[in-house]
Amino acid sequence: MSRRRRLFHLRESRPAPVDAVNWEIEHHIQERIDELIEEGMPGDEAEEHARRAFGDIARIRREMLELDERTERRRRMTRLLDDLAQDLRFGLRSIRLHAGLAVGVVLTLALGIGANAAMFSVVDALLLRPLPYAAPDELVALEFVTPPNDWGRPNIPYDAARAWQELEAQPALLHVRTTALHTGGFEPLTVAVQAVTPEFHQVLGVTPVLGRGLLPEDADPAAPPVLVLDHSFWQAQLGGMSDVLERTVTLNGVEHDVVGVMPAGFRFPTYATTAGWGALRTDGTAFGGQAARSFVEAVTRVPPPDVEASNARLRVAGENLLAEAGPAGAYLRLARVDARRRQVTEHNQAMLLLSGAVLLILLVAGVNMANLLLARGSTRSGELAIRMAVGADRGRIMRQIATEALLLALLGGVVAVLMALLVVRALQGIMPSSITFYAPYAIAVEHRTLIFTFGAALVTGLTFGLLPALGATDWARPAAGGGMSRQAGRGRGGRWVRNGLVVAEVAFSVMLLVTAALLINSFTRLMRNDPGMDLDRMAVLQFAVSPSAHPAGDGRAAYLRELEERVAAVPGVAAATLTGGLPPHTSISFGITFEVEGGEATPMDPGMLLPFTEAGPDFFRVTGARLLAGRPFTSADDRASGNVIIDEDLARFLWPEGPAAAIGQRFRLGAESDWLTVAGVMADLRLLGPDERRGEFAMLYPLGSYERVGGQIAMAIRTHGDPRHVLTGVRAAVREVDANQPIQDLVPATTYYAQAVDMPRFLAVLMGILAALALLLASVGVHGVLAFGVAQRRHELGVRMVMGARSSQLRRLVVGEGLTLAAVGAALGVGGALLAGRVVDGVLYGVAPRDVATFVAVVATVLIVSAAATLRPANRAARLDPGEVLRG
Amino acid sequence: MAGKVDVVRGTLELLVLKTLSAGTPLHGFGILRWISDATGEALLIEEGALYPALHRLEQRAWIHGDWQVSEKGRRAKYYVLTQLGRRQLVREEAQWLRYLTAWQAIAEAAEAAAAGARP
């Protein structure tokens with residue numbers, strides 16, 4: 001077959017295979033008969049002779065047909081490959097010819113797909129990929145439910161958990177998280193470690209890559225302490241030493257034999273990193289101390305269909321288990337670990353929001369791609385029309401266009417992967433630790449991301465690449481073509497498609513812009529809230545005191561006092577005071593019933609928290625918190641005195657007459673709690689950070705003499721100037737007192753406080769970037785369509801000019817057209833944004849998802865940007881030379 | 001039909017290729033006729049075997065068949081040699097020639113040996 005014929009698929013008249021074989025045989029026999037008759041044989045004898053001479057016709061026919069079938073298969077395959085090769089050649093050539101356009105399309109696609117790929121790697125690590133254990137869907141965690149609400153806590157009273165473990169037919173794992181002072185590494189560190197029962201490896205189905213796992217004998221209180229190391233801790237803190245199994249790790253001053261190393265990437269629990277796993281011994285100790293004080297967590301395996309039956313059994317048995325531990329009506333139940341991480345939380349809502357946003361970006365990018373291709377599709381429809389006229393069928397041309405679109409999409413996919421790598425790296429820098437904390441996998445671009453990226457590239461490429469193809473073959477249909485020169489490509493259908501695409505683009509951008517504006521608005525409102533402290537010239541030092549190095553008692557009190565004095569003496573430091581925690585990392589009480597002495601009990605909303613911290617006499621002087629009435633704590637105040645300082649909100653809640661009326665009054669937090677006396681009332685203090693919705697009250701307990709201070713401590717440090725200048729001095733001062741004292745955090749107070757808003761800031765920044773991107777793409781779209789329209793309608797515009805239209809009129813015509821498109825898009829976008837409001841609402845603070853001002857501002861912005869995008873095409877229309885246009 | 005030689009199966013295909021190498025499109029009967037004319041009816045080709053052979057050659061893309069109307073006004077499938085077929089023919093012909101040369105050498109050697117053995 002000639003090249004020309006293949007290109008256009010002129011059909012050959014080919015008989016059906018069976019006919020062909022019969023004809024061929026019959027032809028032979030007829031020829032033979034002719035020959036025999038010529039030699040003088042009578043007709044009927046000749047025929048009989050000829051047929052006999054041919055042999056077994058049926059067998060021969062079968063043989064020929066089989067061969068023909070194979071021939072046909074080979075031909076089809078060759079044609080397919082030929083067509084493909086030709087399409088690819090054509091595609092590459094047309095990409096080379098229109099390099100500018102190709103670069104535009106590839107970059108647009110890469111932006112859209114890259115953003116999605118990056119987001120996918122986050123969502124995948126966080127929510128989609130199965131947990132890194134054997135048969136993760138079978139894992140169930142024990143929950144402790146206390147009515148009236150149905151909310152299950154993973155923390156189970158220790159004794160009840162042990163009793164349940166005995167009862168359970170399956171091996172069950174108890175575990176508890178604790179911190180330990182690690183010395184002997186590069187620097188003293190407070191590390192998180194997990195005490196686990198020896199069922200650890202069996203229940204999770206993961207064994208060490210190096211050495212052995214924990215054994216039942218390791219849980220014997222008399223056994224030597226052992227540790228199974230986390231892979232990255234081994235690498236980062238122990239330098240990945242190869243003889244690690246002969247080494248010991250010192251935790252809380254106790255040497256632990258390293259018996260194994262878990263595989264890289266293993267995490268348990270799924271949130272956060274752990275330095276290692278040690279045996280939770282039968283007496284509740286681990287890591288040289290009491291690990292299981294009151295609560296532990298528990299995990300076992302139950303196939304998903306059996307969970308309900310297990311829970312029914314547990315409901316009955318659980319009452320005995322909890323007889324002493326729980327309040328009346330409390331019970332135990334099993335909850336699937338896999339399902340629990342997909343619960344609606346602030347993070348998952350944020351992920352949903354961002355996924356929606358990047359999907360919109362992809363749609364905008366796809367629309368832009370379609371628009372760019374359409375613009376070209378119609379300029380080449382003359383070529384397509386010619387090809388159709390000479391016999392190329394519609395499917396063939398569609399395939400040609402699809403091949404080109406796929407080529408572009410694949411190129412876009414490659415660039416998108418590069419982009420995803422960059423974006424993910426950038427994200428790792430600004431992602432709130434609360435997101436990375438809960439991810440069971442490290443967030444990275446890996447093979448699942450690659451599959452997703454190229455899948456997305458193919459789908460996007462085909463969808464938005466074929467859209468113009470549909471249009472192109474439509475116009476190119478010869479019957480509709482009429483005159484091929486100017487008429488081709490000006491089909492009314494094409495213009496509608498183009499306009500529709502621009503409208504969609506504008507609508508998507510409006511949705512993104514509204515969401516971004518709401519989030520930014522929400523974030524600025526959060527930041528405008530008065531924290532109740534003077535954070536500007538202040539630093540925060542957060543650390544934990546090792547129970548082994550400084551056991552509770554006089555020694556610890558002296559140690560802490562010395563730390564405080566030495567830090568206060570650092571040059572540039574004005575004063576320093578220890579606290580039980582500084583905002584936003586303070587303690588909380590919940591499930592409280594307030595009771596004023598002589599008054600009625602008022603239960604606090606069950607969802608509300610009462611944040612509190614412990615403070616010393618210098619608290620107000622150092623932190624800048626303001627006392628409104630009463631007095632600060634003195635060194636004589638301690639926890640036993642029952643003296644507390646409450647903030648104005650709580651004071652007014654309990655004594656509506658005002659702060660002064662509260663002084664000296666007594667109240668308590670429940671029938672079993674001790675009475676508390678109000679020593680002072682302070683201005684509102686946001687102990688949980690700027691967002692007060694989870695707990696608007698605040699309370700200070702006296703820190704007292706330091707001997708009873710627990711693990712976590714934060715020191716407020718007032719400085720004369722920029723707090724960053726004293727950080728080195730403070731670190732040195734701490735090390736001078738105890739070289740083995742780990743420092744968890746030493747930062748300016750503003751940085752420390754801002755940890756509370758890292759999620760809102762993350763969302764605001766990211767959505768802002770995405771919305772700006774969408775607006776840019778949309779304005780490119782508006783510009784492109786108008787510029788193309790002007791180029792297409794040169795003739796008409798020229799005629800108008802000759803007929804007396806002025807430049808300004810033509811300019812107005814083009815601008816008006818662009819603004820109409822933008823206005824329609826904006827209206828649709830406003831509708832979409834209203835619908836999307838429900839998702840946004842969950843992450844907003846102090847802004848309604850239907851905030852009118854935001855919508856007005858966004859629509860105005862979009863219209864202004866669109867108007868700007870119409871200017872260049874409008875000017876071009878106004879500057880047309882009618883003579884030249886009409887002659888050409 | 002004394003004096004006629006049966007064509008070995010493998011050689012039939014080579015014969016067909018060689019016949020078509022003249023360049024004239026031929027139908028199956030035409031090929032038969034041409035071979036018997038050229039050899040003075042020395043070769044006996046089984047008619048039934050010719051057509052499967054033709055289709056096998058077509059399947060290998062060595063020849064290509066097209067439907068045309070013969071000079072007698074009958075529709076017939078005319079075969080031509082393809083580029084691939086021409087290359088195949090060259091290869092097989094060379095092999096045949098080598099075989100023949102070798103045969104000749106053996107025959108001469110055998111003859112010489114027979115002559116030497118005679119007293």
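In the predicted model, Gly598(A) adopts a positive phi near 80° within the hairpin formed by β18(A) and β19(A), whose strands are separated by four residues. The two strands of this hairpin, β18 (residues 593-596) and β19 (residues 601-603) of chain A, run antiparallel and are joined by three bridges. Within this pairing, Phe594(A) is positioned opposite Thr602(A) of β19(A). Strand β18(A) is also joined by two bridges to β23 (residues 666-668) of chain A, again in an antiparallel arrangement. Here Glu595(A) stands opposite Arg668(A) of β23(A).

Among the helices of chain A, α4 (residues 57-97) and α13 (residues 394-430) have axes that come within 9 Å and cross at roughly 60°. At this angle, α4(A) is therefore oblique to α13(A). The crossing of the two helices is right-handed. On the α4(A) side, the contact is made by Asp87(A), Leu88(A), Phe90(A), Gly91(A), Ser94(A) and Ile95(A), and on the α13(A) side by Arg399(A), Gln400(A), Thr403(A), Glu404(A) and Leu407(A). Sorted by class, the residues in the contact of α4(A) with α13(A) comprise four nonpolar, four polar and three charged.

The contact between chain A and chain B draws 21 residues from chain A and 17 residues from chain B. On the side of chain A that touches chain B, at least two residues each come from α2 (17-38), α3 (43-54) and α4 of chain A. The residues on this side of chain A consist of eight nonpolar, five polar and eight charged. Helix α4(A) thus appears both in the crossing with α13(A) and on the side of chain A that touches chain B.

How values were computed:
Residues are numbered from 1 along each chain as its sequence is written. Chains are lettered from A and ligands numbered from 1 in the order in which they are written. This is a predicted model: local features need pLDDT of at least 70, side-chain atom pairs count only at pLDDT 80 or more; totals for chains, interfaces and linings use all residues. Axes are lines fitted to C-alpha atoms, for helices over the stretch in contact, and angles run from 0 to 180 degrees between N-to-C directions. Angles under 35 degrees count as roughly parallel, over 145 as roughly antiparallel, 65 to 115 as roughly perpendicular and the rest as oblique. A crossing is left-handed if the near helix is turned anticlockwise from the far one by less than a right angle, and right-handed if clockwise. Two residues are in contact if their C-beta atoms, placed from the backbone, lie within 7 Å. Ala, Val, Leu, Ile, Met, Phe, Trp, Tyr, Cys and Pro count as nonpolar, Asp, Glu, Lys and Arg as charged, and the others, Gly among them, as polar. Two strands pair if DSSP finds at least two bridges between them.
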